[in-house]
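Student: Could we go through this model together? I'd like to know what stands behind the words people use for it.

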Amino acid sequence: CCNINNLSLFPGIGFGAVYKVLQRVCKFGGQPVVKDWMRTRYGQQFESAFGHNGATAMLSATSGALIGIGEVVLLPLDALKVKAQTAPEQLKGRGVIDIFRTEGWSLYRGAGWTVARNAPGSFALFGGNKAAKIVMGVGEDGQRATWMQDAISSCAGATASITVAQPLDIVKTRIQNRPFNSPESGVSIITNLMKNEGPGAFFKGLTPKLMVVGPKLVFSFTVAQHLIGYFTTTMKGF
């Protein structure tokens, strides 16, 4: 009675896996590099404007936002993952190379809305994380956080990030869910959402998302932070 292919329970897993690995490497590996560059170039201006602790948090948040904007280059993989999960008939019988060659720049449909979602989301992720560490009294240069402190700060950042990005994530996903030959603008989607479903539609599914996506983000961010801290401390003498 059960002829369901096991892989049918994991639609878009190939696109999703490649997208997530590249995204996490860019986000967690690139943000410290951008933050150090910004601290060197603009550290004094940030301290004058926000004070020492405020500057530390704002540098982390702003560098995170810049990395979030840069993630838009990975949008085609995200778009194909969404289509594989919500509209698999659009990809049925088509190879990856054929899709990229045929659809071209249409795979970047919704890039502006993705940037608008990623920037505040990553700002909140890294800013919330750093703010939590400041409250706990850790995170200064040369001062490593414990696993528990990294986990707590990651939880704070992830919760803030998912909540802040949720409204524009709704818009982005609906843009990506449209057929290749029948696009719909973000403004049109927002207008229809407000008219048909009301403002609450922009936060639809937030609780399940916090429960499902939150732990994954917290886990990866915690591991990344702790490993970066470990290798930074270990390799200082080299």
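Student: Which helices each supply at least two residues of the lining of the largest pocket?

Tutor: Helix 1, helix 2 (75-86), helix 4 (111-136), helix 5 (147-177) and helix 7 (206-234) do. Helices here are DSSP runs (H or I, at least four residues), numbered from the N terminus. A heads-up: this is a predicted model, where local features need pLDDT of at least 70 and side-chain atom pairs count only at pLDDT 80 or more, while totals for chains, interfaces and linings use all residues. Residues are numbered from 1 along each chain as its sequence is written, and side-chain values use heavy atoms, leaving out hydrogens and water.

Student: Which helix gives the largest share of that lining?

Tutor: Helix 5, with nine residues.

Student: Why is Gln23 called buried?

Tutor: Buried means under 20% relative accessible area, with a 1.4 Å probe and protein chains only. Gln23 has 6% relative accessibility, so the label buried fits. Gln23 sits in helix 1. Leaving aside residues up to four places away in sequence, Gln23 touches Glu71 and Leu74, where contact means heavy atoms within 4.5 Å.

Student: How do you know that helix 1 (residues 13-70) isn't straight?

Tutor: The expected span is 1.5 Å times one less than the number of residues. With 58 residues, a straight helix would reach 86 Å, but the end C-alpha atoms of helix 1 are only 23 Å apart.

Student: Where does helix 1 bend by about 115°?

Tutor: At Gly51. The bend is the angle between axes fitted to the seven residues ending there and the seven starting there.

Conventions. Buried < 20%, exposed > 50% of the residue type's maximum accessible area, 1.4 Å probe, protein only.
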